[in-house]
Every structure is written in structure tokens, then in C-alpha cells.
Amino acid sequence: MNKAIKMKSELEEAVKAVTKKLRKSEYLLTASDVALLLGFEPGSESAQIVMAAGSFPESRQFTPNGRKMWRRKDVIEWIDWHYDAIQAAQQSPRQSRGSSVAAS
């Protein structure tokens with residue numbers, strides 16, 4: 001099996017595993033689920049930094065000793081908003097460079 005086909009197969013298996021894990025709860029996500037949605041390894045320092053950011057959705061504990069949970073909807077909206085903001089920021093310099101070239 002060539003390398004590209006093997007990588008594609010491994011990626012498809014990883015996506016299936018993540019999807020299966022995330023389907024455990026239709027509405028609530030654990031910290032590990034959130035990390036996976038963000039593209040990080042569960043428990044990674046990068047995931048913890050993002051989840052601690054002031055703009056990230058607030059977690060809730062449903063029992064006094066329960067683990068923190070996030071509403072899936074809130075996390076998805078946060079990801080969508082940040083993705084769109086990054087895309088716009090990356091396009092703005094190109095557009096302004098292009099317009100100054102056209103104006104010269």
C-alpha cells in the first residue's frame with residue numbers, strides 16, 4: 001500500500017474514532033471532547049490555554065464534585081466565530097496590498 005493511501009486510511013480511522021467519542025453526548029462536552037474539537041490532544045497544554053481564554057465559553061459543573069462540561073453549541077459557535085475572524089484577518093492584508101498596487 002503506498003504511503004498516501006495508508007495515511008488517508010489512518011486519517012479516516014481517526015475521524016471515525018473522534019466522531020464516535022463525540023457522539024457520547026449530544027449536548028455536553030468534556031474537556032477531552034473540547035480538546036479534540038479544537039484539534040488538540042486531550043489534556044494538552046495548548047487545549048488548556050484555549051479553554052482558559054476569557055473569550056472561550058464558560059464550563060459548568062452539574063454536581064458539586066462533577067467534572068466541568070461545556071455546551072456543544074457554545075463551543076461550536078466559538079470555533080466558527082474564531083475561524084471566520086482568522087479568515088477575515090488573513091484576507092485583509094492581501095486585499096489592502098492588492099488595492100494599493102491597483103491604485104499606483
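Good morning. Helices and strands are here taken as DSSP runs, with at least four residues for a helix and at least two for a strand, and they are numbered from the N terminus. With that convention in place, I turn to the structure above, which is a predicted model.

Let me begin with the chain as a whole. Its secondary structure comes to four helices and two strands. Along the sequence, these elements follow the pattern α-β-α-α-β-α. The chain has 104 residues, and 18% of them are buried. Its accessible surface comes to about 8,200 Å², and carbon and sulfur atoms hold 56% of that area. As for contacts with a separation of 6 or more, 42% of them join residues that are 24 or more positions apart.

I now come to helix 2, which spans residues 31-38. Which residues of this helix are buried? They are D33, V34, A35 and L38. Just after helix 2 comes G39, which takes a positive phi of about 90°.

Further along, the loop between helix 2 and helix 3 contains G43. Helix 3 itself covers residues 45-52. Is G43 buried or exposed? Its relative accessibility is 56%, so G43 counts as exposed, the cut-off for that term being over 50%.

One last point links this loop residue to S32. In sequence, G43 and S32 are 11 residues apart. In space, their C-alpha atoms are 6.5 Å apart.

To close, I would ask you to keep two items in view: the buried residues D33, V34, A35 and L38 in helix 2, and the exposed G43 in the loop that follows that helix. Thank you.

Technical notes. Residues are numbered from 1 along each chain as its sequence is written. This is a predicted model: local features need pLDDT of at least 70, side-chain atom pairs count only at pLDDT 80 or more; totals for chains, interfaces and linings use all residues. Side-chain values use heavy atoms; hydrogens and water are left out. Buried means under 20% relative accessible area, exposed over 50%, partly exposed in between (1.4 Å probe, protein chains only). Contact means heavy atoms within 4.5 Å. Accessible areas come from the Shrake-Rupley method with a 1.4 Å probe; for residues, only the protein chains shown count as cover.
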